Amino acid sequence: MSTSALADTLVVQSTTSTENSGLYDYLLPILERETGVKVNVVSVGTGQAIKNAMRCDGDVLLVHSRPDEEKFVADGYGDYRRDLMYNDFVIIGPKADPASVAGAGNVTEALQRIRETGARFASRGDDSGTHKKERLLWQEAAIDPDAGSGQWYLETGSGMGATLNTGVSLGAYVLSDRATWISFGNKQDSTIVFEGAPPLFNQYGVIPVNAGKCPSVNREAAEVFANWLLSESGQAAIGAYQVQGKQLFFPNANQPLSSAIESK
């Protein structure tokens with residue numbers, strides 16, 4: 001396939017956090033310069049990105065909900081899944097911290113303090129990777145936030161940036177990926193009130209869509225894209241991206257793949 005053909009057709013179904021953080025604006029010109037592949041990013045929540053890819057509306061997935069990613073591959077929709085990079089989730093809240101979340105010993109205690117005080121919590125409510133993580137954390141804390149829906153628990157049904165805007169304007173707590181928060185321009189009186197706990201680890205994966213399920217997939221361009229991200233050059237570019245002097249993503253790919261992808 002010619003370079004021009006590669007450049008015309010690659011569609012990446014992606015989580016919003018990588019888009020909101022500005023990573024693609026920085027990374028994709030480097031990718032295009034080094035490989036000739038031009039990428040069209042469809043930025044939605046992880047759940048929607050996976051659904052889109054299952055409908056063959058994309059060539060590659062770049063998302064952050066590992067159980068769903070592994071199921072996508074196990075069900076035959078993806079050629080393989082590889083760890084790509086990571087960062088972490090943080091809990092954002094007003095500096096006054098009415099639920100004293102900053103003093104919590106772990107994530108479970110942090111969420112219990114929010115619930116017990118009736119402090120507002122703004123949730124994406126959109127089946128994104130962040131939303132899936134948030135729901136898992138509530139479950140592990142033995143809290144059913146749906147019981148407080150529309151009262152203290154507010155579901156925006158929106159992306160990370162819009163949900164942060166809601167949280168900031170209402171003085172609510174929000175679970176956010178760190179990269180989006182660093183890049184977010186409307187912080188006002190909100191800040192990180194809880195961070196650093198192991199359950200807040202946030203892994204991203206890359207998955208080329210299987211041409212056996214989706215014959216229209218641009219398999220060659222998808223292979224070039226994935227291999228570049230997993231290569232020494234791609235990993236170095238990811239690690240070099242900073243906003244306000246802070247590194248947003250930390251590359252952790254496995255060994256680069258060979259140039260051939262086995263058919264399934």
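**Exercises on two nonpolar cores**

The largest nonpolar core has 32 residues, and those with the most contacts inside it are Leu10, Leu62, Phe225, Leu229 and Phe249. Such a core is a set of buried Ala, Val, Leu, Ile, Met, Phe, Trp, Tyr and Cys residues joined through side-chain atoms within 4.5 Å. The model is predicted, so that local features need pLDDT of at least 70 and side-chain atom pairs count only at pLDDT 80 or more, while totals for chains, interfaces and linings use all residues. Residues are numbered from 1 along each chain as its sequence is written, and side-chain values use heavy atoms, with hydrogens and water left out.

**Exercise 1.** Find which element gives the largest share of this core.

*Solution.* Begin with the elements that give two or more residues to this core, among them β1 (10-14), β4 (82-94) and α10 (219-230); helices (H or I, at least four residues) and strands (E, at least two) are DSSP runs, numbered from the N terminus. The largest share, 7 residues, comes from α10.

**Exercise 2.** Place Phe194 in the structure and decide whether Phe194 is buried or exposed.

*Solution.* First, Phe194 lies in strand β8 (residues 190-194). Next, its relative accessible area is 7%, and buried means under 20%, exposed over 50% and partly exposed in between (1.4 Å probe, protein chains only), so Phe194 is buried. Then, leaving aside neighbours within four places in sequence, Phe194 is in contact (heavy atoms within 4.5 Å) with residues including Val90, Ala104 and Leu200. Finally, Phe194 and Ala104 are 90 residues apart in sequence and 7.9 Å apart in space, C-alpha to C-alpha.
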